[in-house]
Structures are given as structure tokens and as C-alpha cells.
Amino acid sequence: IIDTVKLNNGVEMPQLGFGVYLITDQDKARAAIDKALDSGYRAFDTAEFYRNEALLGKLLRESGYPRNDLFITTKIDNPLQGYDSTLKAINQSLKDLQVEQIDLLLVHWPSKKHFFETWKAFERLYDEKLVHAIGVSNFEIHHIEKLATKANVKPAVDQMEIHPYFTQSELRGYLKKEGIAVEAWSPLGRGAVLSDETIGKIAEKYGKSPAQVIIRWHLQSGTIVIPKSQTPKRIAQNADVYGFSLTDEEMQVIDAMDREDGRNGPVPDERYEEI
Ligand code: A2P
């Protein structure tokens, strides 16, 4: 059974979810989603950008799991930011996902041009109860502070790249203080961290895999984590993380693995300057 975290608006969100980025092949997607449901995952993280909302919607519907048991996150695609275009895009996402409400809707990347308009559209969708919670992704401290100058609804979540080589401790501390839940994308560091010697030693001690140790580190840090895998065995393994815990010392050792060059993804303000 996967623990939940209570978001700042009272919504309960599973702390461990399944990321579906790059899962677009029908058969592989079906195998992955079925395996994920079977392994206990109830939260699924997609985005308009991933181009698989319709596929995910169809597979979840066909799975027969009650909608209320599932928690679906999606994100507004960058070129669709802005007030009207966001409302239109999310209407399409609702149709594609075959749901009446989205559980968590995120701004995929901070936009320079449409920074406040997108959020105003989110607030409207939230008021209209078409989304249960609204949040952001790839927002750094200065983005959150800027948003706060005009927002009526505080983001419930900030989803960003976090893993042992890119621990984001300052941002995590800030979000915690602000009551904004922290969610990690690429929580395994796209594989690089998986072969780290320190992680390997801890894994060996518990008879667990490096991925399981890293997921434990996220969970014990209070982070919401959405590992992705297209390998059925790994999908199950990544959810099998409740039978052991890391010591405080091991948590600190992993916290200290942060590296200057640990980021794998884009710097938010650099890559998406144009939107
Ligand atoms: P695969 O899909 O072939 O199973 P991240 O979420 O940090 O971006 O990492 C995703 C990558 O990590 C994918 O390439 C995935 O490979 C791999 N991965 C996921 N879970 C595990 C695991 N338990 N052991 C090893 N590799 C894993």
C-alpha cells in the first residue's frame, strides 16, 4: 500500500506514482500500465507534451479500476500557455484522458510571456472544479515568488528534477517552508546514479536494488516520486519499497552526493526563454 501526502488544499496524493514520459507504443504502454496497476501504483504522471494522454486515458478506462481510486497528473504544454489557449488545451486533455476532473494540473515550465495568464486560467479551472489541485513544474524559488505576487491560489506542488546527484536542497527547504509539496521527476537520475558506488553499497546491505534505495531516499525526504520504467520487472520492483528504511546516516550520505554538474535536464530559464 502506497502512502499518500496531503497537499496544501487538503487533497490526498499518492507519494509514489508512475511516470509515463516516452511511453507511446500501444502494446508496451498496455503492458506497463497493467503492470503498474497490478503492482499497486494508482497515480499516473503524464503531460500534453508526452503525446500519450489519450493512450493513458484509454488504458486506464479499460483497466476497469474505479476512477476515484486513480490520481492523474497532467501538464500544460509550453506552446499552449496563455489564458484562452490553456482553457482550450485542458478541455482537450480532459477529453483525451476520458475524465471529468484532472487530479493535479501543472504548468510544465515557467513561461516569460504568459507567466500570470496561464496561472489565472488554472485558477479558473480550479474554481470550476475541473481540476482538484493546481501546481507548477520546473519552477525555481524566484518563479514561485513572482507567482505569489499575483496568485490567488498557491501552487500545491512543484515538480522538478531531483535525484542524488541533483538534490535541490535549497529549493526543497524553501518549498517545505511554503507548504508546497515537492515532487521529483527523473528521480533515478536517468540511470547515472543507479551505478553509483555509494548507492550500491547501501543497496547491498539491504539486499535491495539501487533504484529501490534511491526511491526510499525520496520517500523518506518527504518527496513525491514518479519513477518511470518500461520493464515490467522494474515497474514492480520500484513499487516494492515499503519493507525497509534507510538510517538517518544513510539519508545524510545520499544528501551529500549532490554534484555541481548533476543536472541532466534543461535550466528552466534558458531552454524556455521564448515561451
Ligand atoms: P527501463 O525503462 O528500460 O526500465 P528516471 O525516471 O530517473 O528518468 O529513470 C528512468 C530510467 O531508469 C529508464 O531508462 C528506466 O529504464 C530506468 N529504470 C527504471 N527503474 C529501474 C530499475 N529498478 N533498475 C534499473 N533501471 C531502472
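**Exercise 1. Work out how the span of helix α1 compares with the expected span, and where its buried residues pack.**

Start with the extent: helix α1 covers residues 26-38, 13 residues in total, and reaches 18 Å from its first C-alpha to its last, close to the 18 Å expected at 1.5 Å a residue. The expected span is 1.5 Å times one less than the number of residues, and helices here are DSSP runs of H or I with at least four residues, strands runs of E with at least two, numbered from the N terminus.

A word on the model: it is predicted, so local features need pLDDT of at least 70, side-chain atom pairs count only at pLDDT 80 or more, and totals for chains, interfaces and linings use all residues. Residues are numbered from 1 along each chain as its sequence is written.

Next, look for burial (20 or more other C-beta atoms within 10 Å of a residue's own, C-beta atoms being placed from the backbone; exposed means 12 or fewer, partly exposed in between). In α1 the buried residues are Ala 32, Ile 33, Lys 35, Ala 36 and Leu 37. They pack against β3 (18-19), α2 (53-63) and α9 (232-239).

**Exercise 2. Decide whether Tyr 50 and Asn 9 are buried or exposed.**

First, place them: Tyr 50 sits in the loop between β4 (43-45) and α2, and Asn 9 in the loop between β1 (4-6) and β2 (12-14).

Now count neighbours. Tyr 50 is buried because 20 other C-beta atoms lie within 10 Å; Asn 9 counts as exposed because it has 12 C-beta neighbours inside 10 Å.

Methods. Two residues are in contact if their C-beta atoms, placed from the backbone, lie within 7 Å.
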